[in-house]
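Subject: A structure for you to look at

Hi there,

Here is the structure I promised to pass on. Please open it and keep it beside you while you read the notes below.

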Amino acid sequence: MKQLMTMMTVSGVLILGSPGDAAAYQLPEQTEEEAKAAAANYRKYCALCHGADRQGYVNDRAPSLRSRQLLSSGFPMHMAVTTAYGRRGTPMGGYLDEIGGPMTMDEIGGIMQWLLAQEEVELVDLPRDLVRGDVGLGGKIYARECATCHGASGEGGIGTALGNPVMLSMTTDPFLRYAIERGRDGTDMPAFGDVLSEKEMDAVTAFLRSRATGWSLEKPVLRAPPTPDEYILNPDSPAPNFELMGGAWVMAGDLLTALQGKRRMVLLDTRVMSLWQMAHIEGAVPLPYYYDYDDLNSLAKDLPTDGTWIVLYCECPRAAADSVRRRLQELGFENTAVLWEGIGGWISFGYPVFRGEIAPTNGSHPP
């Protein structure tokens, strides 16, 4: 897998956007030690949403990673990039160490190779050529056949968010066309090869490609997390008066009121670090859900033990945060709560988030 990952990181545009090199699909077998390490990384970073058995749809509508159609159709290239850099506009954060994540590219590649080995699939060397089709016809077919699951504007639902510019920019036309024709076994995505004509499948592919807009030249700058002396927000103020739902959940409106009232509390962001960098509630301390007990114990030493409220949030909207909350309770922190709506709901309500700095490009100021 190292050869493939090197090709991706050095000349990823070439691999993803121009005629393929079949040699790039020849993956060496993992050693037993490498496979064990990859399986452990999958359990630590991926199983929460994709499922312990790779079944998918456990949290955040994360897709099945057992589909042979998905795994065979250029899966390592597409999914390694998505895992490394995340998929902006979805709960999928970037896990590459270069952008604040916990894994190297080789470790991400190891997970891809391990996933392929679990289903013993052979990779299909799809072409890289554009699929030509009637965009107008494709739009009509999409509305009739696809919108129920993927959303009228490609926003997603039961199915993947096909209108996501990042997803479209990282997937080739043949990859999309292959999914339309073959479907995704083990999911609700049917095969349309016997339903639509070649012309119609080309048209849907062309329509989806026409939705890939919204590129920008903004360059994110990594921001330093709060230091231990900054963990407690408003340390000299009274505690909030939370009325928790089910003894564990705080509503977004109540948290906003407490923050606007400058109440004393600690906020913990349990998402992958790259998402904290992208946007977080101001003052939140990053504590990724995948921290092991040693990491958690180390950070917990700097958390207040006087009963100060600790509010955790994630994007699941609750699964990752609640898993960390339970572990904190085992360490003796009783006043803990999880944001019910998650940060996705928080942002949807229009509540404020603190974004990473954007460096100016070409001498211009960021918007």
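Before we start, one cut-off will help: a residue counts as buried under 20% relative accessible area, as exposed over 50%, and as partly exposed in between. Please also keep in mind that this is a predicted model.

Let's try the cut-off on Glu145. Its relative accessible area is 29%, so Glu145 falls in the range between the two limits and is partly exposed. Glu145 forms a salt bridge with Arg144, and the closest N and O atoms of this pair are 3.0 Å apart.

Now for a pair that joins two helices. Asp202 makes a salt bridge with Arg177, with 2.8 Å between the closest N and O atoms. Asp202 sits in helix H10 (residues 198–209) and Arg177 in helix H9 (residues 173–182), so this salt bridge ties together parts that are 25 residues apart in sequence. Are the two partners buried or exposed? Asp202 has a relative accessibility of 22% and is therefore partly exposed, while Arg177, at 10%, is buried.

A third pair is found in loops. Asp306 forms a salt bridge with Arg264, where the closest N and O atoms are 2.9 Å apart. This pair links distant parts of the chain, 42 residues apart: Asp306 is in the loop between helix H13 (293–300) and strand E6 (310–313), and Arg264 is in the loop between helix H11 (252–260) and strand E3 (266–269). With a relative accessibility of 54%, Asp306 counts as exposed, whereas Arg264 is buried at 16%.

Some salt bridges also share partners, and in this way Arg177, Glu181, Glu198 and Asp202 are joined into one network. So which residues should you select to see that network? Pick Arg177, Glu181, Glu198 and Asp202. How many salt bridges does the structure hold? There are twelve.

Finally, here is the view of the whole chain. The protein chain has 15 helices and nine strands. Of its 367 residues, 48% are buried. Among contacts with a separation of 6 or more, 68% are between residues 24 or more positions apart. The chain exposes about 18,100 Å², and carbon and sulfur atoms supply 52% of that area.

Happy exploring, and write back whenever you like!

Best wishes

Note on methods: Residues are numbered from 1 along each chain as its sequence is written. This is a predicted model: local features need pLDDT of at least 70, side-chain atom pairs count only at pLDDT 80 or more; totals for chains, interfaces and linings use all residues. Side-chain values use heavy atoms; hydrogens and water are left out. A salt bridge is a side-chain nitrogen of Lys or Arg within 4 Å of a carboxyl oxygen of Asp or Glu. Buried means under 20% relative accessible area, exposed over 50%, partly exposed in between (1.4 Å probe, protein chains only). Helices (H or I, at least four residues) and strands (E, at least two) are DSSP runs, numbered from the N terminus. Contact means heavy atoms within 4.5 Å. Accessible areas come from the Shrake-Rupley method with a 1.4 Å probe; for residues, only the protein chains shown count as cover.
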